[in-house]
Structure formats: structure tokens, C-alpha cells
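User: Can we go through the salt bridges in this one? Keep it short.
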Amino acid sequence: MPELLAFTDGACSGNPGPGGWGVLLQARDGDTILRERELSGGEAETTNNRMELLAAITALETLERAAAVTIITDSTYVKNGVTGWIYSWKKNGWRTAARKPVKNEDLWRRLDAAQERHRVTWEWVKGHAGHPENERADELARAGMAPYKPKKPKNGEA
């Protein structure tokens, strides 16, 4: 059976500011890529953490049927949140240990629901360190952000 991998990344220009998310989905048999799909999107006013979450959410929501999938992210926020913190947050009514509301609760709830129907393994990879698929996910995230970034005037234009 092929292995399903989702490389995810988020990007933001300013934090908050225009942002984008990117996903590289691959079905592999060993080192052979059987199928590949690229996804990206963005928002005009967001944060890097929200874009990192949306990348993972989109990867899972895009899968048409239940699957075993490995999500590879360069976000310790996403990895630590979904593999650890989320259990306490849910138990505490979506409050942190300091009894404050969980930031990005809407997206954490959506991620929790999205992963429910899959067997998800979470892996962290160092970002901007030459990992080819992570670099592609970063390119997709920046492409998703591009339509929301203000256009710079050309020389001679006001």
C-alpha cells in the first residue's frame, strides 16, 4: 500500500499581515512518487500560526476518504499543539493552563475534527534547512500569500 505524506507550511508578511499556506501531498511507494498534488491559499490579514494550522487542516480535509497519513510540518506550534497541548485544552474547556482562552481555538477545533477520521502521524522538520519537500511547501505558502501582499509601485509611479 502506498504511503501518504503531506508536507505543510505557512507564511506571513508581518505578523499579523498578509499570509499564505501551502501543502504538498504525495503518495509514495518507497522513494517512488506515485501521485502528487499541490495546494495553496491565503488571507489578507492573519498570523503565521493561523497559516501553519490552515495548511495542516487543508491537507486532512482534502483527503476524500479515511487514510493513514504522515503530516510533516516545520511548525513546533502545530506539532506540539496537536500531539500534546490539545488534550489539556479540550479537558479545560479550551482554556490554557493559565485559564486563558486558547489562541486560534476555531482552527484547533477544526484540526481536531479533521484528523479524527484519519490515522495521522505528525513529524517535525527544521524549516529553511534545505529539505526539498518543505521548501516546496514554503514556496506554495508564499504563492498563496502573493495575491494579498500590497503591490510595490514601479519606478516612476506614485
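Analyst: What follows covers the salt bridges and the residues that form them. This is a predicted model, where local features need pLDDT of at least 70, side-chain atom pairs count only at pLDDT 80 or more, and totals for chains, interfaces and linings use all residues. Residues are numbered from 1 along each chain as its sequence is written, and side-chain values use heavy atoms, with hydrogens and water left out.

User: How many salt bridges are there?

Analyst: The count is 8, taking a salt bridge as a side-chain nitrogen of Lys or Arg within 4 Å of a carboxyl oxygen of Asp or Glu.

User: What does R136 pair with?

Analyst: R136 bridges to E38, with the closest N and O atoms 2.7 Å apart. R136 lies in helix α4 (residues 132–145) and E38 in strand β3 (residues 32–46), so the pair ties together parts 98 residues apart in sequence. Helices (H or I, at least four residues) and strands (E, at least two) are DSSP runs, numbered from the N terminus.

User: Which residues are linked with R136 in a network?

Analyst: E36 and E38 are linked with R136 in a network of salt bridges.

User: Switching to D138. Buried or exposed?

Analyst: D138 is buried, at 7% relative accessibility. Buried means under 20% relative accessible area, exposed over 50%, partly exposed in between (1.4 Å probe, protein chains only).

User: And which residue does D138 bridge to?

Analyst: R142, at 2.9 Å between the closest N and O atoms. R142 is partly exposed at 42%, and about one helical turn separates D138 and R142 in helix α4.
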